[in-house]
Amino acid sequence: MVLEFEKPIADLEQKLQEMKDLAQGRNIDLTSDIKSLEEKILTLKKETFQNLTRWQRVQLSRHADRPYALDYIYEITNDFIELHGDRTVADDKAMVGGLGDIDGRTVMFIGQQKGRNTKQRQLRNFGMANPEGYRKALRLMKMAEKFGKPIVTLIDTPGAFPGLEAEERGQGEAIARNLKEMFMLKVPVICIIIGEGASGGALGIAIGDRVMMLENSWYSVISPENCSTILWRSWDYKEQAAESLKLTAKDMKGNGLIDDIIPEPLGGAHKDMKQMSLTLKETIVKALKELDKIKAEKRIEQRIDKFCSMGVVVE
């Protein structure tokens, strides 16, 4: 899958491959030409991805090859054991969680999971959790607290499921309860937006001591398309909506809504999943070491203060 703004890069990469095939097939020395083209491609990549518009970053966050929560979890942990069910209604496949080992330390991972193909997307409900998904997440958080295990949440959702049946089972209440309970968790909580972070669906597992975003993810009260639909009665203004929403990691950091930005490989997380997973692991380990030095009561106090100070302007 090649996005519109990536096409000039893809065209040069195709020419580079053709040049390599020609050199190999006809035994011609094109070393200098190949090197020159590789440098040109690298320069174009840097210029392109350093100057992406907000809408282009939204597109990148939705790339079909972008790693999802379980991809990262299985890559950075040993002996991951997925846990299921909310013990009330069902096991929501859009919300996943379980225990995994990072460098000898057990961590509770929770995240939204999308699907790679049509069948998986239907099973995972496109990463849009029902109330039982948020109740499962809270059950796992409480389990982690009981046994003194830190919590890491990986957020990637276009929003909580908005269907009538979800509302009937208490979607708003489930999310609200998660917000309340996450403020008071005694164990370290790290929240990372790895793709899309839309509305209460994302916030339902995003109250933590450290809130971070991958470089090409987005976090907002509403998606650009839905914002455009409400304001202009059309999806045609989604790019303008994305600019107005200021939803990128850089915007969120500048507004004090997140703590840090996690860099991605050049071209996006999907270009080098191994490197992205390693960076994510190192970030989690570093954050846990910092949080371990703070007493539980102090962590809770700082967590509450951080979120209460958001949106407050002092002149």
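Buried here means under 20% relative accessible area, exposed means over 50%, and partly exposed covers what falls in between. Those words come up in each of the close-ups below, and the model they are taken from is a predicted one.

**View 1. Arg-62 and Glu-225 pair up in a salt bridge.** The two side chains meet at 2.5 Å, N to O. Arg-62 sits in the loop between α3 (54-61) and α4 (69-76), while Glu-225 belongs to helix α10 (residues 224-232), so this pair ties together parts that are 163 residues apart in sequence. The Arg-62 end is partly exposed, at 28% relative accessible area. The Glu-225 end is buried, at 9%.

**View 2. Lys-142 and Glu-181 form a bridge between two helices.** Here the N to O distance is 3.0 Å. Lys-142 comes from helix α6 (residues 131-146) and Glu-181 from helix α8 (residues 171-183), with their positions 39 residues apart in the chain. Lys-142 is partly exposed, with a relative accessible area of 35%. Glu-181, at 17%, falls under the 20% cut-off and therefore counts as buried.

**View 3. Asp-259 and Lys-306 join a loop to a helix.** Their side chains make a salt bridge at 2.8 Å, N to O. Look for Asp-259 in the loop between α12 (249-254) and β8 (260-262), and for Lys-306 in helix α14 (residues 296-308); the two are 47 residues apart. This time the acid is the partly exposed partner, with Asp-259 at 30% relative accessibility, and the lysine is the buried one, with Lys-306 at 17%.

**View 4. Arg-62 and Glu-225 again, now as part of a network.** Shared salt-bridge partners join Arg-62, Lys-114, Asp-156, Glu-196 and Glu-225 into one network. As background, side chains of opposite charge can pair when their charged atoms come close. The whole model has 24 salt bridges.

**View 5. Ile-262, a buried residue in strand β8.** Away from the charged pairs, this panel centres on Ile-262, which has a relative accessible area of just 2% and so is buried. What does Ile-262 touch, not counting residues up to four places away in sequence? Its contacts are Ile-192, Met-212, Met-213, Leu-214, Glu-215, Met-276, Thr-279, Leu-280 and Thr-283. For a sense of the fold around it, Ile-262 and Ile-194 are 68 residues apart in sequence but 9.4 Å apart in space, C-alpha to C-alpha.

Technical notes
Residues numbered from 1 in each chain as written. Predicted model: local features only at pLDDT ≥ 70, side-chain atom pairs only at ≥ 80, totals over all residues. Heavy atoms only, no water. Salt bridge = Lys/Arg side-chain N within 4 Å of Asp/Glu carboxyl O. Helix = DSSP H or I, 4+ residues; strand = E, 2+ residues; numbered from the N terminus. Buried < 20%, exposed > 50% of the residue type's maximum accessible area, 1.4 Å probe, protein only. Contact = heavy atoms within 4.5 Å.
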